[in-house]
Amino acid sequence: MALSLANEEAFDFQDEDALGSSEPEPEESELDNEQSDNGGEGDESDIGEDMGGEINAEKEIEGDFDRLMESIRLRDASNTGVLSKDWDISIEEREAEFRDDLRAASGIGRRRRKKGRASGPVLSQQVKALIGEGNQAYIDNDLPEAIRVMQEVIRIEPRAASAWSVLAQCHSDMHQEQRALQLRIMAAHLTHDAEEWDRLARQSREMGFKQQALYCYRKVYSLDPTNVDALWDRASLAQEMGDLKTARNAYLSVLKRIPHDLAILSFLRPILIELSDLTTCTTLFQQAFDYYYALYPAGRVIDTSTTPATEIPGGGFTLLEILVLADLYNTQGEHEKAIDTIRKGCRWLQGRAEQRYWDLLDDDREFDGADVPTDSRRIGEERRAVEMEPGKNELDINARHRLAVARIKMGDTEEGKMHANIILSQDVLDYAPLFTEIADAYFERKMYAEARPIYEILGADVATSSIYILLQTAACLRMVNELKEAAEVYEHVRLADPTNNDVKMKLAEIYEILNEPRRALDLVYEVIDSRKKRSKDAAPTPTPAPLGTPSLFQEDRGSWKQKAGAGGAGRAQNRLTHAQLRELEAEKEKEVFRGWGRVKELWSGMMKGMQLENDVEGEGKQEEREWLVEAEKLVETFRETRNLFLTSRNLPFRGMFPRSKAGRQQLQEAEREADEERMASRLHLNLEHDTITKNTGKGKVTGVQIFRGVSFDDWLRLFMQYAFLLTKRGQFEIADEVLRHILVSNAYQSRERQDSIRLALITCAIHAQRHTAIVEHVRKLITTHQFNNEPLRILLACLSSGLRATDAFITSTLQKHLFREMKMADAAVTKPEMLRWNPVNKRYAYGNQGKSVSGSGGVGAASAGGDVGDDDDVGDDVDEIALVLAGGSSGTGAGASVETQEAAGDIKLPTKQNPIIVTIYGQICIAAKSYQSAIFYLLHAYDYYPEDPMICLCLAIASIGRAMQRQSDNRHHLVTQAMGFLSKYRELRKEEEDGAGEVEYNFGRAFHQLGLYSYAVKHYEKVLELAEKVEVVENTLAREAAYNLSLIFVLTGAVPLADALYHRWLSV
């Protein structure tokens, strides 16, 4: 009967952790929690806790041993039942277990375990006899017999530690060192000897079993947390293997026992940076700085152990560590802390730690040494908190560089430039990295004019130039509108690196701006061709390690990926196959087609039922309910399909089974290809003056237009009908949710469909009296259709009358939105060269970094006091339309050429002022009772189109409203002005059909507000006389005039006359 340990596979656990467990190893931070954190290693108060931690560690190791044995039993297929426990249980064993349980329950008589004493089960007489027999065989040098007997012992009682040890020694004598090492590791699980684990770790490392060595070092640490050498070895081995997380935890454990050790910090710093754990790295260095700063206040210490005695700056915490700490703060954006670190640290190293008064200053004059010009700083400026002469203290050039970067990035450019100029005066060959970082800081702050010369200095020398430097130089040139120079630099980079597609695309954008579409198109085609030819070979699958590995662990670095891949393959078995998915989709398509036919059939009958006047709960209502049930099924089917709602909206729907492009990287690749296709199509449009692509998204690849047998137009019609019926039945929230969801579908991203859905949302909101939603969607239409008056007319039609509608009309977000659009329209006429067209967002925007420049005398100029349209709400529309900044996305100057205007598609720059948007803004001011601002804007509208009666009427209303306010300085002038505009309004309106009654009513209303009741009565009665001659009174203003006239009669005491008006005009 041979034990399966003779087989190599017995100890091949692949990538299972902890000898068969699939759980990851606990980190050192977790193990630390098991130990005491209160005091030194020799503190007597921690003895009890240390013993408890040791017991827990032993239990954990024994648990690993149990998992190992269970794994061996499962893998032992050839000798079924060989390792099963079939020994007899003696009375002695039962009595011993009973006594142990009794002591554990009572807490009395607990035995103290002596250090080094081996734990294990009580061995039966049979096992003891076999162990004696095996030992005798080993003494007699009968190794095969000793191995056989000890295997039998292990079969009966796997926890017999002596059997494992003798078995390991037998294999060692047979020069099978790898097998002996495995057996010794098994025995070490039962002896709990930290020194033995340490020897096994070193032996495993010497044999090249690094994963096994890490496991052994971990056991050393769990049994003896004071063994710092084992932690060091574990950390260095993990770092050597590339297991940075394990190395980090081990070094942190060492640092916990040797706080603020600079050698440990030097090893730990690159690991934390590689793991992007900058917060921990910064905390450790800051704590070390505070420690050494407090320990050596003089900033230095004398080492008397050497001859002669040497001076150690900072006690070991030198300028290099201070620079590291400052760099960490700068990287995390904490620039003020970086400045404080440099100033405080350098002051301390110079022996001036007590000069804390320099911290009162917000500049760095403390370090104005000989390299700082005396006239570069003016003492006594308003921004200085304290007047103090410069300190004339020298500062290392590297420390000054950190100050310069921090000052520039935090916005203190004046101070930053002073430091930067000192650094830039050095030799570029000696300090090229410092030059680059200063230029990058300027670039990050969008100070392109300052960054450009530094990049040019670096690019001028072969030793300091690089592709990155040249690209940054070109970017700066583009930002300062030196496009030809930028194109030359990009061309130079393209020749140096012909495979760089990003450079080609940037160069194509510049050529497009320079109105050279042919050259731009050639570059775009090069990029498209190179992407099509690019190799798409999959990454090679890691080769699994052979089964007979002499290590207890999978030593292959790719084992974890291999395990993940195996798990993924296992999960894939539970998924449907491609054929099954197609079959399921075919069934769903049949179901949708049947539902669509039923919906169409019910719709016609439902319409007939709705037309019946007396059908309250008849056939029409029943069909309507059935139609809603069927429509709901179809709507939910559409909304639950993930392929119709992709993360990237610019990708069209490509069917339920498109070509495989799984993965985030492939999705980004698809987006880049789509951008290239759009740019190529746009350039074709510029070259060929072709406007056909306007309705297809300008070259965007059109996807599938049918989903499960129903076209997207029919689907959209169904959504609208469903939403209208829900709104009619008082379920506006559900209708709004459905339409908003459809709005983000990839199938409905074209402008026409987006407009249709927006109009449907507005319709539902009008019926439900949700004026806030109306304003929201109309604003989107106004933003999308720039310089178009139709969305403005939709706004006025939707908010025609009513208190709630007026509140929505004067809301601040709408005011500010229209104010920005009004300034943009004014700039398009007065200064079109300030605007740029963004072909991606299909919108004009200011070209000077988004800041508006008003035309002299236009509506964008400073308005009269109390303007309601402060431009401080730009973020309201950034969610849909991103403004194009100067040098940003590829754009074209507004008035460059005819080709440029055609590239803008259906949005054309206006050539004359638009009075409509200015009038609407003036009307908002009137509704908000800001009459002075209303007069200002309406007078501009009157200048643009003086023949419009509505503008004249609004001016009259605003003038009368201002005259009635207390702040009015000339009431009579305003009243006279109002009467003048009313007369102008009468001249323009009387020529129109049915305009006489409206004119008379408005005159009566004006006199009514002024308190001139006799004149008001005359005009109101004229309105009533004209209404008597009309058959349809509802089309006149007779009832409004009668109501206002009755108010005057009641106020003046003519109650009978008011009663007559009530009976004639105001009764139903």
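**Close-up 1. Where helix α7 meets helix α8 in this predicted model.** On the α7 side, the residues in the contact are Glu177, Gln178, Leu181, Arg184, Ile185, Ala188 and His189. Facing them from α8 are Glu196, Trp197, Leu200, Gln203, Ser204 and Met207. Sort the contact by class and you get six nonpolar, four polar and three charged residues. As for the geometry, α7 covers residues 177-191 and α8 covers residues 194-207, and the two pack at an angle of about 150° with their axes 10 Å apart. An angle over 145 degrees counts as roughly antiparallel, so that is how α7 and α8 run relative to each other. The crossing of α7 past α8 is left-handed.

**Close-up 2. Helix α13 alongside helix α15.** Here the partner of α13 is α15, residues 335-349; the two axes come within 12 Å and cross at roughly 30°. That angle makes α13 roughly parallel to α15, and their crossing is left-handed. Look for Gln286, Phe289, Tyr292 and Tyr293 on α13, which make the contact with Thr341, Lys344, Gly345 and Trp348 on α15. The class tally for this contact is four nonpolar, three polar and one charged.

**Close-up 3. Ala298, in the loop after α13.** Follow the chain out of α13 (278-295) and you pass Ala298 in the loop that leads to β1 (300-303). Is Ala298 buried or exposed? Neither, quite: Ala298 has a relative accessible area of 46%, so it ranks as partly exposed. Setting aside neighbours within four places in sequence, Ala298 is in contact with Trp348 and Gly351. Trp348 also turns up in the previous view, as one of the α15 residues that meet α13. Glu354 is worth finding too: Ala298 and Glu354 sit 56 residues apart in sequence, yet their C-alpha atoms are 9.1 Å apart in space.

**Close-up 4. Helix α38 beside helix α40.** How do these two helices run relative to each other? The axes of α38 and α40 (residues 995-1010) come within 11 Å and cross at roughly 10°, which makes α38 roughly parallel to α40. From α38, the contact uses Leu953, Ile960 and Gly961. From α40, it uses Asn1002, Ala1006, Gln1009 and Leu1010. Four of these residues are nonpolar and three are polar, with no charged ones. Confidence in the protein chain is highest in α38 (residues 949-963), at a mean pLDDT of 93.

**Close-up 5. Stretches to read with care.** Over residues 861-903 the pLDDT stays under 50, and the model has 107 contacts there beyond four places in sequence. Residues 380-385 also stay under 50, with 12 such contacts in the model. Helix α1 (residues 28-33) has the lowest confidence in the chain, at a mean of 39. For the protein chain as a whole, pLDDT averages 76, and 70% of the residues score at least 70.

**Close-up 6. Stepping back to the whole chain.** The protein chain holds 43 helices and seven strands. Of its 1068 residues, 45% are buried. Among contacts with a separation of 6 or more, 63% link residues 24 or more positions apart.

Key: Residues numbered from 1 in each chain as written. Predicted model: local features only at pLDDT ≥ 70, side-chain atom pairs only at ≥ 80, totals over all residues. Heavy atoms only, no water. Axes fitted to C-alpha atoms, helices over the stretch in contact; angles between N-to-C directions. Helix = DSSP H or I, 4+ residues; strand = E, 2+ residues; numbered from the N terminus. Parallel < 35°, antiparallel > 145°, perpendicular 65-115°, else oblique. Left-handed = near helix turned anticlockwise from the far one by under 90°. Contact = heavy atoms within 4.5 Å. Nonpolar A, V, L, I, M, F, W, Y, C, P; charged D, E, K, R; others polar. pLDDT = per-residue confidence, 0-100. Buried < 20%, exposed > 50% of the residue type's maximum accessible area, 1.4 Å probe, protein only.
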